[in-house]
Each structure stands twice: as C-alpha cells, then as structure tokens.
Amino acid sequence: MLATPPIPRDVQLSLSFTVNGKPVTVVASPGERLTRMLREDLGLTGTKIGCDAGDCGACTVLLDGEPVCACLVPVAQAEGHEITTVEGLAGRPPLFDRLQKAFLQHGAAQCGACTPGMLVAATALLEKHEHPAENEVMDALGGVLCRCTGYRKIITAVLEAGAENVAPVSPTSGCAVGARLVRLDGQRKVDGTEIYGADECPEAALAVRAIRCPHHRARFQFGDLDEFVTSHPGIHAIFTAKDVPGKDPYGVIPSFADQTVFAENEARFRGEAVAIVVGEQAAVEGLDLASFPVAWDELEPITTIDAALEPGAELIHASRPRNVLTGGRVVRGDVERALAEADVVVEDEYETGFVEHAYIEPEAGFARRVGDGIEVQACTQSPYMDRADIAKILDIAPDKVRIIPTAVGGGFGSKLDLSVQPFVALAAWHLNKPARMVYSRFESILSTTKRHPARMRLRAGASRDGKLVGLDFSADFNTGAYSSWGPTVAARVPVHASGPYQVPNYRAVTRAVHTHLVPAGAFRGFGVPQTAIAQEQVYDQLADRLGMDRLEFRILNALDDHSPTVTGQVLGAGVGIRACLEALRPRWSAARSEATAFNATATGPIRRGVGMAGMWYGCGNTSLPNPSTVRVGLKADGRIALHQGAVDIGQGSNTIVTQICADAMQAPIERFDLVSGDTAITPDCGKTSASRQTFVTGKAAAMAGEKLRAAILQLAFAGENAAIRFRDHCLEVEEGGRKWVIHLAELPRDEFGYVATAEATFDPPTSPLDENGQGVPYAVFGFGAHMAEIAIDTELGTVQVLRITAAHDVGRAINPTLIEGQIEGGAAQGLGHALMEEFFPGKGENLHDYLIPSVGDMPPVESILIEDPSPVGPFGAKGIGEQAVIPTAPAILNAIHDATGVRIRRVPATPDRIRAAILAAQNTRSHRA
C-alpha cells in the first residue's frame, strides 16, 4: 500500500520554550515534528513544509540562533530553547527587516515557498558575519532548495543586506511600464503571511487521505469497507468510484477527457487513486493503510514507447488504436528532395526522460459545501478549468462551483491538472463538512504529471554556403496513462522543431503514446525544451561539417520579419532572434578564445567548453481560442480595483499586469487594489501557462484600463488628452487650463459596487492549421539565445557550469527585475534538465534521490534584454516564462561536445554517461589507429 508513514501518537507532555521572543507552552507528543507544532498549534504558517525529510530546507528555523530543519526536530528537543521563525525575523536585532527589504529590492522572492527558509538561513549567517563573501553565502544557503529563482538574486540580496536599503519609489502616472517595481505581493512572501494551499482551512475540517495503487498496473477488489470504517474510531467515510456523482471522465482538454477521480476495477499507473479515507485529522493521520481492505492483482504493464506501439499490444484505452493518443504534423516544401540535394546532411537521434516539476510547495487545499454549491480553495494554475471539471465530477452546474486560488508555491505546468481538488470536493459534498488534503512530497512526486520523455530522430541538410535547406523531424512522446497535456505537446512540437530559423523544406511528425506510467503533462515549454536539445545539437554538427562558426551559422539562418516560418506564417515586426544571437557575439568570441587557451596548456583532466543554442516559443494556445477577460473598477474612495484572474505562480503577473493597466489608465500604481482569481468575483483570465499571461491578460488589462479612463473622461466631458489626478474620494480632471473635480461619493454605484467599471477581453489572432500544419498558430513568438561556459573533468565525467549568458527578445521589458528572475530561474531548470534530472517511476519519489540544482550548482547569469516590440502585445510585450528554460540544456550539451568531442544523446548528461561516451570515443580512435 502506498502511503505516508503515520505520525506517532504516544504520550502527551507539557513543553515550554520561546517562539519569536514570547514564552510558549504546548501539550504535545514529544516525537511530534516541530513544523507541525509551529504551524498547526501556534498558527505560524510562514514555516513551510516541502518534504518532511530535511531535503528542501523550506522549514528552516533558528534554534538558539542556529538554522535547523524544523521537520527533523522532535518538539521535545525544543524544550527550554529559543525558536525564531520567519515571522519573528523583522523584530530581531541587529538585522531587523533589512534582509527582507533586500529580497524585495532584488526580486529574490518569486513564488515565495522557499523564501522563509532562505531568509532564516541567511539571518543565521549575517548575525555572525555582517559582510560575508559570496562563497560563504552559498554555503549558508546550501541546505535550502529553490525551484524558481536560479538563486542568483537571492545571493545578491544576502550580500547587499548590510547596505542601506533604498526605499522603493513609486513611478509617476504613466511610467510604471519599464520600472523595476518590487512585487506588489512581495511583502507577504518575505514576512511569512502569504497564504498557500496548506496554510488555511476551516475549523474542524476533516482530513482526507488517498489509497493509491502500488503497481504500474493492477486489478483490484475491495473488502469490507463499512467494517473498516466502524472499526476505526474517528473515520467518517470511505469513497470510491461508485460515490462520484458525475460519470463522464474529466481532463484539461475536454475533447481528450479520459481521467476519473478513482480507478474502477483496474489502475493504470503506480500512484493512481482508488479510494479516499475521510475523518478526524488525528484518526486519518494515524491510520496504518497497510490494513486497508483492498486486494491487488498485479498485471504486466506497458512501460516503454516501443512496447506500446508493438503490433498487437494490449490497448491501454480501448478507443485509441496502437496506444497513440494523438499526433501532430507540419509539412512545407519537399524535404526528401532537399535533403537528397543538400551539400551536407546530418542524421541523429536523441532521447530524454521524465522530469519532475519539484516545486517546493506540495499540492494542498480544502473544500466546503455552501448550500447547493461547493467551494474549493487550493493551489492551482487554472481556476476556471478547475471549476469546469469539479462541476463535471459532482454533476452540478459550473456556477455552483467556486474556486478560490491560494498563493502558489511553484507550478511550472503541473498545477494545471487537478490534484487534491476532486478528493476534497467529493468528501465535503457527501458529508456536508469541510474537508482538507495536503500531499506529502512522496505523494506529490508519485501521482502528479511530469515532463514528457521524448525520442527524437532528425535529418538536417545545408548548402555549401551555410544555408539550411531542409529538416526532417519525427518524435514520439511517452504521455503515460492518461492524456493530460499530451495533445498540446504533440501539436506544439512540430511548429517549433525547426527552431527560430529559415527552413524552406520541412517535415515534422509527432505522436503522444500511452504507457502504464505516471501521466506526462505540461512542464514549462510543452515539449519544446526536449525538441531544442535535439535540433540545436544537430545544427552544431551541420556548422562543424561546413567549417563554419556555430554562432554565425545560426545568425545566417535566423528568421526575420519577412521570411515565412515552417507553418507559412510571416511574422512581421517583432522578430528579435537575430538581435539575440548578435548580442552573444562579444562574449562568444572571448569565451571561445579563453577555452582554447586553457585547453592548450591543460595538463590534468579538466577541459573547458563553450556552447550556445537559440530558441523561439509561441505565446499562448496553438491555433485555439485563448481569451482573457479583465475587469477594472473605480471605487468611491478613489482607489482602483483590478480584477485579473491570471494566477501568479511566482512569475510576477500580479505586478506586471497591474503595471500595464496603470499605464493604460495613466494612473498611479499605488492606487490599485488587486482582486484575486476567485471565480466568484473575477472574470476568466485563462490558465497560467504557455507564456501567455503578460501577453494575453496584459493586453486585456491594457484594453480595460483604456476603457475605464475613457469612461472617467466622459464623466467630466473632457477629451482623451485630458489629465486625471486620482485623489482620496475624488478625481481632478484638467484640460486646456480648465479643471473639474468629480466627487465620487455623489455618483451612483453600478452592479459591481463601483462608480465606474470597464471590462475587456482579448483573444490573440490565430488561425487553424490545415492538414499540412500551415496557418497562423500564434500571434506572437518570443525569441532568445543562451551561451554556456563549462569545465568538465574528463576522468570523472563531472560538469561545472561556469557562466551563462542569456539574450531574450521580450518585446518590451515591463519589469526588468522580474524578467531577469524568470531568465535565471529558467536557466536553473535547464541546467538540471541537462545534467542531473530524470525521474524513474517507482523510484526516488523524494528530493534526496531526485536531484534539482542547489545554490552551488548555479553560475552567474548575464541577462541581455532585447526589446523588439510586438505590434500585438501590450506596450509591445511578449512572454518570457517558457522561453527562459528552452535554450539552456542544449547550450550546455553543445559545450560538453566543444570540450570533449563527444555527443550526449540521452539526457541528462550524468557523469556515468559522459564518461562512457568519452571511453567509447577513445576506443573508436584506438581501433582506427
């Protein structure tokens, strides 16, 4: 049985200690984790639980001034000691709140889940060393993981915490866009008061635990469930598939919906839920689920793409022949003829594995029944999609479902899919009591979606003068047991597999293939990062065969405003890829010379290498409707309510969308009040994914802001060039020497309670793709290029990334600090993809076996922001979230080849794989000799 071990409930003791300077006495089990006592008993939820194993450091507190993982400290060990949590840092001399201010100023808090642990660990260092060196900062933070920032802004914030903080200056009206504003939601992240999925629940909420399949595939049969409930005091109910009111499957893409709340008769992957147990918290947590009455009959699973496609293979879903979920196709020109006539052709194959999202906040939330409706509060990237699926599951109307998104401690795509929501909604619906569920790290990794494993085959050809003439690309993606975002990956990849280059003859064909493994879903790029690993290494090989500089080869072939893409789309203004590539030239030339000089004199096993890669990424859905709706209202007190449902998962949409709306209104940003993505009070801004929120929701916010400004001017019968000054309870409008004062309290309220309201919807202009994939898949693309400098130990196979230079065309940098944070965080995830991250279903469902980059793995990152405005985006802006991760891994892999002469065709490039490739190359050379 797959379950988190029960929390021991032994003798209770009265224990006294000091917390944040105040004496505290609690009655608790001496073996209870300190994290639980702080959060559940004292309400200090700033201390986060990311793993309960000491792996992530999110729960770091000070114990007598020393940093410890509170999840590893039995509460009895705190007896008589002083504990400081993030909530107590601002009152602790001599730092007080200087460190928090430095975090805000430098953008060191993104999603905020790791921020309390980082702040506490840094405080322990700074109290001993007021001016530490960078290596001391990195050592001090080494026990705290971050998945968002790439660590560099955190390091800078700690180094500069001793400096005098500059008070943030609010920009004047109309000047918010382009300003380095601190996050509007940042203060809550650094003082520990932000509410995440596990941080809040109603009094006396019931607890929910899932019963999950321990095998990749198994039939199962329940025993006497009623007897189990009656024999376990405090257990209220067990729910299975028969208790789900809605009988239709759900899914993130309705036309491919194939998932149910619980498996029925047969489980299709290890970790699939078959039942939930609901009851009092102590009773549920204390259950030994090994005694749960279910019998498993393990069946032979299909775990590989080859096995799934084998003629006669058993179908995982009866309606999907050959276990193919769906496919994608883009064809332009005559690729066979082009490759036959090419002067140089390179053919190669690459493979990637599952990658875990590893956000620091595991999934959590609660539900409660409200009359004939249901409310669900949880961490999610897509409130309105959740609403539609919960309505389907409970067989009620969507307007009877209210989704209240909490702050999200990282998502990267996986929190687009449902996790705890169906379980808590079902329990609350049937029992008419609030129900809460918090995933353990084990459960999170076990059951949630992953990046798609890919197997990619390429043939690319070029003419003697270096021009690309053709690319033939095919790929199969392991989409796991259910569809999730498999159709999106299959559709998006053929559009992008050419890279941001002119390829006149092109064929790209993809398939998403079912297996009995954990579903693969959305993960920052929808298959494009895997594609770039293959395409950018093949382009390096073409350049080498032609004797051309690898950067100049890409510049020669870069897309421009007038050349058609592989789908026949002519992008027009805003194609900044050539500028990105050219921005790398100075460092590329210097780094290549430095590496050559180093290697020429090296006597040991260390070699240096330099690699680069380009990227492009379409912002939003592929040839599908993709609207966002924003509402903005003027209050009677003179403040402005911005209803925007773009869930901020750390990328900064709360701040950036407000900056856009403020400048569209020509209003001061400090006048704005954010209204969350609660589906009861905020229009649908679509999902937070596909690098769409700055572009799509930002555009809707600009349109709504312009409409509200026009409505205000109409109240004063003023022209569009009039100036508006926002005051408390009134507005001053001035035009041509005339001045009006509008007393807002005297105006009637509209249906939303505002004196004036404007609402706008923006849906990017795209067109469907035809049978050959020709059309307009995206209204806007983002472009970028990364360069990696590495040192590699050729005897051990270990790689150290020394520096990353990243140039990105963002159209318009709405907030440069937040954009740099996205680039650095994306570079960290790309580094992990290249060198260390691979999830094997059934193994390593924790953060000490599954490795992500720590602070010591991340080099300095130089971000170069190119602003080639999009005529469609708000103030010319494009997205950046996905773009930042895509070129890092191929740049590192190309650098490995540059240093060693070997290609790593299966990632990650772990030391054993690198060493094996080096040995194989040496053996080949010795045989030739």
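Is N432 buried or exposed? I looked up its relative accessibility, which is 54%, so N432 counts as exposed. The model I am working from is a predicted one.

**Entry: N432 and A204**

I placed N432 in the loop between α12 (421-431) and β17 (435-438). I then read its backbone torsion: N432 is not a glycine, yet its phi is positive, at about 55°.

A204 came up in the search for positive phi as well, since it is a residue other than glycine and its phi is near 60°. I found A204 in the loop between α6 (186-191) and β6 (206-212). With a relative accessibility of 63%, A204 counts as exposed.

**Entry: overall form**

I went back to the whole chain. I counted 23 helices and 31 strands in the protein. The radius of gyration is 28 Å, and the globule rule gives 30 Å for 929 residues; the two are close, so the protein is as compact as a globular protein of that length. I also took the span of the C-alpha trace along the principal axes, which is about 85 × 75 × 60 Å.

Next I looked at burial and contacts. Of the 929 residues, 63% are buried. I kept the contacts with a separation of 6 or more and found that residues 24 or more positions apart account for 78% of them.

The accessible surface comes to about 32400 Å². Carbon and sulfur atoms hold 50% of that surface. For the charges, I have 85 positive and 111 negative in the protein, and their mean positions lie 3 Å apart.

**Entry: helix α5**

How many of the eight residues of α5 are buried? I got six, so I note the helix, residues 152-159, as mostly covered. The buried ones are R152, K153, I154, I155, A157 and V158. A lysine and an arginine are on that list, as K153 and R152.

I then asked what covers them. The cover includes the helices α2 (98-106), α3 (115-128), α4 (134-141) and α21 (816-835). Strand β31 (861-866) is also part of the cover of the buried residues of α5.

**Entry: cysteines**

I searched the whole structure for disulfides and found zero. I checked C69 by itself: it is in no disulfide, and the nearest cysteine sulfur, in C59, is 4.6 Å away. A disulfide here needs the two sulfur atoms within 2.5 Å. C69 counts as buried, because its relative accessibility is 18% and the cut-off for buried is under 20%.

Why is C619 without a bond to C580? The sulfur of C580 is the closest cysteine sulfur to that of C619, but at 13 Å it is too far for a bond. C619 is buried too, with a relative accessible area of 2%.

**Entry: cis peptide bonds**

I noted a cis peptide bond between P93 and P94, with omega at about 5°. P94 sits in the loop between β5 (82-84) and α2.

I noted another cis peptide bond between V907 and P908, where omega is about 10°. I placed P908 in the loop between α22 (888-900) and α23 (911-928).

**Entry: S689**

Which residues does S689 contact, leaving aside neighbours within four places in sequence? I listed L416, F526 and E882. S689 itself is in the loop between β24 (672-675) and α20 (693-715). Although it is in a loop, S689 is buried, with a relative accessible area of 9%.

**Entry: F875**

I located F875 in the loop between β31 and α22. Its relative accessible area is 36%, so I logged F875 as partly exposed. Leaving aside neighbours within four places in sequence, I found F875 in contact with V177, I660, D663, A664 and R812.

I also took one distance from this residue. E582 is 293 residues from F875 along the chain, and their C-alpha atoms are separated by 24 Å.

Technical notes
Residues numbered from 1 in each chain as written. Predicted model: local features only at pLDDT ≥ 70, side-chain atom pairs only at ≥ 80, totals over all residues. Heavy atoms only, no water. Helix = DSSP H or I, 4+ residues; strand = E, 2+ residues; numbered from the N terminus. Rg over C-alpha atoms; globule rule 2.2 N^0.38 Å. Buried < 20%, exposed > 50% of the residue type's maximum accessible area, 1.4 Å probe, protein only. Contact = heavy atoms within 4.5 Å. Areas by Shrake-Rupley, 256 points an atom, 1.4 Å probe, with all protein chains shown as cover. Lys, Arg positive; Asp, Glu negative; His and termini not counted. Charge placed at Lys NZ, Arg CZ, Asp CG, Glu CD.
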